Amino acid sequence: MTNLVIGVIGHVDHGKTALVRALTGEETDNLAEEKERGISIALGFARLQTGDLQTGDQTIDLIDMPGHERFIRTMIAGATGIGAVLLVLAANEGIKPQTIEHIDIAALLGLRRAVIAISKTDLVSPEQAQKTASEALHLLTSAGFAPLPPVFTSALREQGIDTLRSTLATLAADQAPRATGGIEFLPIDRAFSIAGHGPVVTGTLRGAPVNTGDTLELFPARRMVKIRAVQTHGLRVPTATPGQRTALNLRDIDIADLQRGMALAAPGTLTPSDWLTVSIRAVATAPNLKNGMQLRVLLGTDEFDARLRLLDRDILEPGQSGFAQLHCAAPVAFPAREHVILRLASPAQTVAGGRILEPVTRRQRRHSGPLLQRLETWHRLEPEALILAEIEAQSATGTTLTRLSQLSALAPSHIAALLKPHPILLTRTGLAIRVADLETLATRIPALLAPHTEGLSPSKLLATLPGLSPELLDEVISLLLARSLITRRGTQLALPRPEADQARVQDEASLAAQIAAQLRASGLSPPDPKTIITSLAAKRATDRLLREGTIIRAVDRAKDKEILFHHEAVEHAMRLLTPLLERPPGLLATDVGAALSISRKYSMPLLDHLDAIRFTRRIADRRIRGTASLTALLPPPR
Ligand SMILES: Nc1nc2c(ncn2[C@@H]2O[C@H](COP(=O)(O)OP(=O)(O)OP(=O)(O)O)[C@@H](O)[C@H]2O)c(=O)[nH]1
Ligand SMILES: [Mg+2]
């Protein structure tokens, strides 16, 4: 089965609907107004069975476009996503304004495949019909199409219909397979309700297949809806594939919340943005397009106003191509590579069109060389090549899977699979970076840490690496930690320096020994701690002695002064005081000072300490023995 959707285009009254009827037996002008006025107003959908031809059994979807200039917007909504066109040109009239406009639009939508039907040949001589055919061929070829040989038809006399049918079948059989792995995207061109089934939306599917039971995200509402059933070619099927006319019966939503212009997409893959970066081409008949101009944008089946920001010039002349941004009146969510048509509101006219290069962005600087170079790459490359080029371009900082998906319109899972054979690291957090670039970055970090002997916090390190994301820094840090090329000191990162660290430990130990010796020698009249703790190293050594219990910190609470005693001095004091404390009524502070031959400066903090360890107990201004047993406080005498 083919996925080909063919748009039937051409000037008003040239016989499009009549040909669709002759080809398929289906009537596409069903509205009362269409019957009354004799023109098409809405899109017409018909199926062309081209079975039992040498090309095999297949169904082509035909979209019968209205030709009247007032319905160009409807025509565009129908043409978005189609695979080829059937240009209908009346032999007696030849090329008319909407012949040209429809061809322009089809070309701007990226279409290249076409069949020409010269209609109403019953009204002219064969020479005249031939002349019209040559004009049509020339017009399509110069618009970039590769049309098949024209078919001469008369719907009235049922002539040329079989030839046209087989020509369309040939076109359908000769189809390049559609790329897969994209983002499911279905711009809605019709929404209606079927009794007993609920809401149905239709459109031409792009990106990836959709299945019964899938959940999709509705834009712009951004709500999730579930697919109750899928139909293609009028039949219920489990799956619709990209390029097919697709009808989806939805759950979890009311018909009142659905209409043309909305779209369904794979959940979480699209992000609304005020700005779109596009590559555009102005049509030959367009006026000069100026920077800052207000335009009507037709995108998917949606339509909105936007201001044109030309990035590489001030004026886009007829026929010229360039890069631009569209500042949309409200945020819009579309995948990259989606085709866009730009029109003037008045006079109503198609002036340009092209493709989205960057669907999620902000206002960019104009005439920026590096930006234009990147836009050129995105414009030129196919999605797979674009992804690799983008990772390479973001060498130092890496890029994210989200961003790659935005630029390529490929699904993140497809991108991940695509990167597998390449020397590219894809982290758990969705960062993509070339392994070689990660290694280069890895070599820079130790060099940045080297001057900071006390270490550097990750946030300070990040500040020295402009443009680098915290996620990528985390990745490099884990790598370097695993390789023991850097080390963590608390919250700081530093270079591991085994020798220096060892030397420092040795220094600290000998300093501690010195301090201990000094305090031991000074007994119960130690020097002021300020004269001992003179450096960071001395502080560390002192802390260590305190932790070990070699020295004791005591406080003179009245004066809020600290003093350090060697533990042996304190033990000596306890031995001397024990018998004295046992005699009632106990000792005054001055008695203690006298017994130990020390001044108040030392006896007050000492007594505070002895109270704390319950060697002594204070009653009024006297001390008696405390509750702690002496054997617990004093080591056995040697
Ligand atoms: N003589 C003759 N008249 C034709 C032929 N095909 C269509 N017509 C007539 O041309 C008129 C327009 O035909 P349609 O098929 O409605 O034209 P259309 O291109 O669909 O028009 P729009 O959808 O409004 O753009 C009708 O009155 C048809 O009867 C033909 O082969 N010969
Ligand atoms: Mg019609």
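**Close-up 1. The shell around ligand 1 mixes nonpolar, polar and charged residues.** In this predicted model, the shell residues split into seven nonpolar, seven polar and four charged. In total, 18 residues surround the ligand, and the closest are T17, A18, S40, G67 and D122. Keep an eye on T17 and S40, since both turn up again at the magnesium ion.

**Close-up 2. Oxygen atoms of ligand 1 pair up with backbone and side-chain atoms of the protein.** Two of the contacts here go to the backbone: a polar backbone atom of G15 sits 3.0 Å from a ligand oxygen, and one of G67 sits 2.8 Å from a ligand oxygen. K120 joins in with its side chain, placing a polar atom 2.9 Å from an oxygen of ligand 1. On its own, ligand 1 has 650 Å² of accessible area, and the protein covers 78% of that.

**Close-up 3. T17 and S40 coordinate the magnesium ion, ligand 2.** The donor atoms are OG1 of T17 and OG of S40, at 2.0 Å. T17 belongs to helix α1 (residues 16–24), while S40 is in the loop between α2 (32–37) and β2 (44–49), so this pair ties together parts that are 23 residues apart in sequence. Are these two residues buried or exposed? T17 has 10% relative accessibility and counts as buried, and S40, at 9%, counts as buried too. Both calls follow because buried means under 20% relative accessible area.

**Close-up 4. D257 and R223 form a salt bridge between a loop and a strand.** Their closest N and O atoms are 3.4 Å apart. D257 comes from the loop between β16 (245–251) and β17 (263–265), and R223 from strand β13 (residues 223–232), so the bridge ties together parts that are 34 residues apart in sequence. D257 is partly exposed, with a relative accessible area of 35%. R223 is also partly exposed, with 31%. If you'd like to hunt for others, a search of the whole structure turns up 25 salt bridges.

**Close-up 5. R544 and E548 form a salt bridge inside helix α16.** Here the closest N and O atoms are 3.8 Å apart. The two residues are four apart in helix α16 (residues 536–548), which means about one helical turn separates them. R544 counts as partly exposed at 24% relative accessibility, whereas E548, at 51%, counts as exposed. E548 gets that label because exposed means over 50%.

**Close-up 6. D611 and R623 form a salt bridge that joins a helix to a strand.** The closest N and O atoms of this pair are 2.9 Å apart. D611 lies in helix α19 (residues 600–612) and R623 in strand β35 (residues 622–625), so the pair ties together parts that are 12 residues apart in sequence. What relative accessible area does D611 have? The value is 23%, so D611 is partly exposed. R623, with 6%, is buried.

**Close-up 7. Four charged side chains share a network of salt bridges.** The members are R73, R296, E303 and D305. Rather than looking at one pair, as in the view of D611 and R623, follow the links among these four residues.

Methods:
Residues numbered from 1 in each chain as written. Chains lettered and ligands numbered in written order. Predicted model: local features only at pLDDT ≥ 70, side-chain atom pairs only at ≥ 80, totals over all residues. Heavy atoms only, no water. Near = heavy atom within 4 Å. Polar contact = N/O pair within 3.5 Å; in protein donor to acceptor, adjacent residues only side chain to side chain. Areas by Shrake-Rupley, 256 points an atom, 1.4 Å probe, with all protein chains shown as cover. Nonpolar A, V, L, I, M, F, W, Y, C, P; charged D, E, K, R; others polar. Donors = N, O, S within 2.8 Å, 3.2 Å for Na, K, Ca; no water. Buried < 20%, exposed > 50% of the residue type's maximum accessible area, 1.4 Å probe, protein only.
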